[in-house]
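Visitor: I've got a model to look at, and I'd like to talk it through. Can you pull it up?

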Amino acid sequence: MIFDKLLPIAVLLGASAAQNVTLRYMPFGDSITEIICWRSKLWQKLKGTEWGSVDWVGSGKGENNCRDTEYDRDNEGHSGFLAIDIANRRQLVGWLQQNPADVITMHLGTNDIVQQNKPVNDIITAFTTLVGVMRDSNPRIKIVVAQIIPMGFGNFNTQIQNLNRAITPWAQGLNKTESPIWVVDQFTGFSGSSDLRDGVHPNDSGDNKMTNVWYPAIVNAFQVAKADKEALAGAERLGIPFTA
């Protein structure tokens, strides 16, 4: 719906002059963003589309021996990090200062639950802080938040499901036209046994499943971000205020 509103504005403002707009995308999270291969698979899936030129950004280049020398490995995944700690220590502030983004994906909360059994409300509060940081960095940032994958051991999945249920109403409450939040379901259909290599991190089948969930949401976010930037560039060129 937001994309439908933005695209006509971009056309009316003469977006043709902004065709060379470069989008910057940050994969943000913990080890399930850092030492995995869904980023490689997602990049390859996007490669043959108009989104193959998107600049992936972040301070890290970690992966899981993906045997892919082509893909843009830049990411902001941090193994073992808690959402609550990232929020309280204001770490995302510096990461986004170094690598500003137009689109960001977030898969966080696993370590909060597995390491320290943090209450869902505290994790959601941290998510709110992190979204505030994202929007302070870029008021028009497009945000994709994951309902996180299950674990393959322990009794953590009940709490993970509680967190996942809380994410949708939380996102709806913070949604903004200029900075939308979309929620993707990485839990449903993901096996805590056959899709994990070690009980925590996705194996090849898990990486494929995560890629297939991320892909349509990422494409949509890129479309909205591109239309937004083109409209803004056209407005600036014509000296017209742009507030859509």
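Guide: First, some terms: two strands pair if DSSP finds at least two bridges between them, and strands (E, at least two residues) and helices (H or I, at least four) are DSSP runs numbered from the N terminus. This is a predicted model, where local features need pLDDT of at least 70, side-chain atom pairs count only at pLDDT 80 or more, and totals for chains, interfaces and linings use all residues. Residues are numbered from 1 along each chain as its sequence is written, and side-chain values use heavy atoms, with hydrogens and water left out.

Visitor: Over how many bridges do E5 and strand E6 pair?

Guide: E6 covers residues 181-185 and runs in the parallel sense with E5. One bridge joins valine 144 to tryptophan 182 in E6. The E5–E6 pairing has five bridges.

Visitor: How many residues of strand E5 are buried?

Guide: Buried means under 20% relative accessible area, with a 1.4 Å probe and protein chains only. Lys142, Val144 and Ala146 point one way from E5, while Ile143, Val145 and Gln147 point the other way. E5 (residues 142-147) is largely enclosed by the rest of the structure, because its buried residues number six of six.

Visitor: Which helix gives the most to the largest nonpolar core?

Guide: A nonpolar core here is a set of buried Ala, Val, Leu, Ile, Met, Phe, Trp, Tyr and Cys residues joined through side-chain atoms within 4.5 Å. The largest has 66 residues, and Phe127 is among those with the most contacts inside it. The top contributor, with nine residues, spans residues 120-137: helix H7.

Key:
Buried means under 20% relative accessible area, exposed over 50%, partly exposed in between (1.4 Å probe, protein chains only).
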